[in-house]
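Welcome! Please take a moment to look over the sequence and the 3D view below before reading on.

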Amino acid sequence: MHLSDDEHDLSDDSHAEESSDDEVGAKRKLPQPTTPLKKVKYENITSKPSKKSKNDLYKAPTVEELNELKETQNLYNNNLFRLQIEELIKEVKIKPKHRKTFTAWFDQFQTLLTNLPEYNITLSDIKLKNKKKETDKSKLVNFIANKSLECDQDFIVKLIKPERSEIVGLDRVSALPGPKLHVDVNLKMPRDCFNVKDYLNNRYFVKRYYYLGYVFYYLKKQDLGGEITWCFHNDNELLPVVKVALGEKITIKIFATPCDNYFKVSRCGADINNVKINTFTTDEVTESATLFYNASLAHDLTLTINQNFVQESLSELPNAQEAIKLIYIWLVQRGLQSGLGAFTEDLIVYFVVYLVTKKRINKHMSSYQIIRNFWNFITETDLTQNPISLNDDLKTDVLDTFQANFDVVFLDKTGFYNVAAFLDVNVYRKIKTECGLAFKLLDDGGINSFHSLFITKLPLELQYDLILTLKSDSNFENILSGMDPDVRTKFLGFFNLFVTKNISHVLHRGFNKRASLIVPLVAENQKSKLLFGINLDPSDAFSILERGPALNDPEEKEFKEFWGDLTSDRRFKDGSVCVAVYFKTETVKERRGIVTTIADRVATRNLGLQYSLHYNDFEDLLVNKKVVAAYPMGTNEECCLKAISAGDQLGKKLRGLEMPLSITGVQGISDTVSMTEVFPPISTNYRCGNKITTTLENNIIINDKKDKVGVIPRYIKPIEYVLQLEHSSKWPKNLTTLRHMKTAFYLEISKLLSKKHKLITSVKPDHLDVLYEGYVFRYRLFLPREVGLLKKESTNNGTTLYKDTPESRQFEVQFNILPKLTGALKGLQSQFPSFGPATALIKRWLRSQLIDCHHFPDHVINLLSASLYLNQSAFSIPNTPQIGFLRFLKFFTELQWQIQPVVANFNDEITKETLAEIDSKLLQNRDAYPNLFVATAYDGCESVFTKVAPSKEVLRRVKQLAGETLNHFSKIVRDDSFISIKSLFIPNLGGYDVVIHLRPLLNPVRHEQVIVDELEGQVVLKAFDVKEATKIPVVDFNPVECYLKELRNDYGEFANFFHDSYGGNVIGVLWVPKAVESRDFKVCYVGGRKLKDGKLVLNIDALIEDFYILGKGLVKSIDKIK
């Protein structure tokens, strides 16, 4: 293990800036400078004039530049990728001063080894003794005594200086990535330390431990510097090593192995028992092979042989050494390199060496090509079915023996050490999946592929759809107690491996086809706690039926024992009768909950363990518990689906109307249509309340005769659609006349719907409302000619010009671009069912932080979320809303919006050339474009949805909030923190200057807030009855939003206003920094200010009073925080 998680978390902002500089260089195709580049702020890059003359800029390329270009084309994906690799390799280069420090320490260590005193100590004498006068020998004995070490004989432990010491591991083959220096030192124990049969009954491992303890003691006594501790090699408790830390940057691990050719490596075969007397537990052993004991022994016996072979294979392949560094960094970023059962650094080296021996890697290949070959080889091969070996002369029966006993088989040069013996088969499958994703990222060739592969840290809780934590107060004794004697012998010394394997088997049986991966998180596991990451298969994960064997089948009894009272006999369509488990569900949320039911069943009943599950923790925040519909309602999916179905039916009726110009298109533009609405409308009948509402024709309206309104009816959001008519050239050429004609069409449509379908409608000058199946649908006509008329402008000399205006742009976005985008989002939802609720969860979180649609529009959130599903990344596609939400937080935390565009490339309509052009434009003149640039094919890659918002300040705030939310969730998962999930959705009001408190009863969406008023009852809605008299309710009326609009219009230059759109009863106010500054007296600055000491200062008290007067009746109180 050479890298901690912190060492290669290269995703910080400083490195991101450097990467961006690399990208700039790549696009200009400049030769790499020989002197270090001076760090320059991004803003200054394009502002500095080029010092080169025109002739220099257009000079023909030199021979060296042409050769470099040809080499890049042949050996690398692109020039940018090459530059990024070179920069990363420089960054992880170990500094010479660290080498110098280690060399000085190693010279002292060699001297210490040469002068070690020699001792012969009987094993039975190595125990703690209390003596007043201690000799050097007794001090040593007291220091190294270990009661837990046992073997079958009382022999002489000879502690003498080693034959030699050697450097092993990645540093020996120059494949160690820095910036920290980690060196493995191997001490060769002399022949006199051993007897011929010391490989039996733990004798070798006892001697090895005491030998290292002997070195440990004198290291500590001589005080060569650094902190000295014990640790286990790859968490293998039979292979302790001495760890010396020389400060924070240098770590040395000291191994001890027997002298060359003393023990026969063949004694470590997969069919040999080397423990005749159990020295690990009180249980008896059988004649079965001691597989993992043998593998630990083989590690030490073959260490020197394999290291020499590795050095011989890689010494003349500097690019292979570089590739190993990059692969290890890639592995560290995924957290798969440490722990017993992990894919260790040794395995990386052995795989690369294997490819070298098979001529799949040669000295002419670049590190990029070697990485591609490595990932491709891991993806295509399956070592569980087809074992491999570095020994070409190995007999087939030896491989077959290893394959019969180990899950994954990769034999070393000797043919008797399975280097993958401790590799968990599920971790191996995870590695294969990750290699496949990495290979796709390379082929994708996107500008961020390098960043996704090597720079981005992938937290474990974001790699899996669910994290299952299993706990046992007895260290899983209930699982160990059921071990078969032969299995117990096989796992001697490694019962934790058996526990992990046994639990994995039971989990696989429970989840069956529902899970594509069930991976033990070996780096996180402890003796009393095991973590498993589970990735779901979207095609089977939420199936309501678990089909078992046929009746009277031999496996029937076993299936029923496993599933217990959940099983029943069922006849299927093909006529077969099988035992099955049926999960009764009524909502999509409940179908996702099947996974929770299975996890609970397997953990508690089948394994008898305590557990915690992190899977759908956030979904409750999408459930409106204060409003009860007549049909089962989970998250937002059910309401959206019913509304979409009703909208489609009404659309058919509209297209069937006989009109002068028939309706050819009905396209939705509401978030309900794309299933990204947090709280969609609910179908019901609407009645007039005698006190607060009255009727006017087909409409229910607010009763304005009452002097004071004490409560506001529940908010009803219309579902908006755009209508398109067949083409006609007879539309008026005057804008006002055209709009009157549109109103006439609304009246005609209303008349026909009322006459033909008996529907209740309401016509307004700019839209038509239709009540259908308990929903209010709002329709607007889109006439292309109207866009032209909005752009039309006449000059003083009578010339007619057509140019964009804010009104024309807004009109085109709403009626031309938005329908296309909504249709694309709807298609994305049908392809990836987690997209809609995940996007709704993002909105819920953002709004709960008081960042409403004014600061961060809904359409922008939709596009950002869609980009995570459309673009190739280091993650697989999210299968659950929670993972989609968490990955958005990760994405936004790392988003460099100053230099990086976000691309939502539906159907791959945006070409790579267009994307390169966008990058170039942003680089040349960043200030001319929106703060957050989101490109789609539907708006011509002009980022029309982010023209106004979000601002730079809001983007920084969201980035900060996303990072904190992600960190807190990580603590909840890893540390069993008691932090409430809901607390992540409660804003901190302490940072605001002023907080405006509103009256809850005048907030029509108060039922949607995160912390609801428990004293207020539920709103129970009856099912829509077409026979019952009903009218169009008060639609799209929210006094809080009206108040916010007035505040922003009247006081936007002085303050920013923040509010939770989903039921928030507070408005946070932040004074604009420039407004707070004192100014010289000028008439243009007088508004909102007062004169103080000859200067105009912001009149905060007067403004607060204005806020109260403007919101009279709605505002409950105003607190001045600062």
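## Two cysteines

Is cysteine 435 buried or exposed? In this predicted model, cysteine 435 is buried, and its relative accessible area is 0%. Cysteine 578 is buried too, at 5% relative accessibility. Both values can be read against the cut-off for buried residues, which is under 20% relative accessible area.

Cysteines also invite a look at their sulfur atoms. A disulfide is a covalent bond that links the sulfur atoms of two cysteines. Searching the whole structure turns up zero disulfides.

## A kinked helix

Now let us turn to helix α9, which covers residues 291-314. It contains 24 residues, yet the C-alpha atoms at its ends lie only 30 Å apart. A straight helix would reach 34 Å at 1.5 Å a residue, and α9 falls short of that.

If you follow α9 along its path, you will come to a kink of about 55°, centred on threonine 302. Most of this helix is covered, with 20 of the 24 residues in α9 buried.

## A three-stranded sheet

Further along the chain, there is a sheet to find. It is open, has three strands in the order β33-β35-β34, and its pairing is antiparallel. The edges are formed by β33 (1079-1080) and β34 (1089-1092), each of which pairs on one side only.

How many bridges join β34 to β35? There are four, and the two strands run antiparallel, with β35 spanning residues 1095-1098. For one pair to locate in the view, try lysine 1090, whose bridge partner in β35 is valine 1097.

How values were computed
Residues are numbered from 1 along each chain as its sequence is written. This is a predicted model: local features need pLDDT of at least 70, side-chain atom pairs count only at pLDDT 80 or more; totals for chains, interfaces and linings use all residues. Side-chain values use heavy atoms; hydrogens and water are left out. Two strands pair if DSSP finds at least two bridges between them. A disulfide is a pair of cysteine sulfur atoms within 2.5 Å. Buried means under 20% relative accessible area, exposed over 50%, partly exposed in between (1.4 Å probe, protein chains only). The expected span of a helix is 1.5 Å times one less than its number of residues. The bend at a residue is the angle between axes fitted to the seven residues ending there and the seven starting there.
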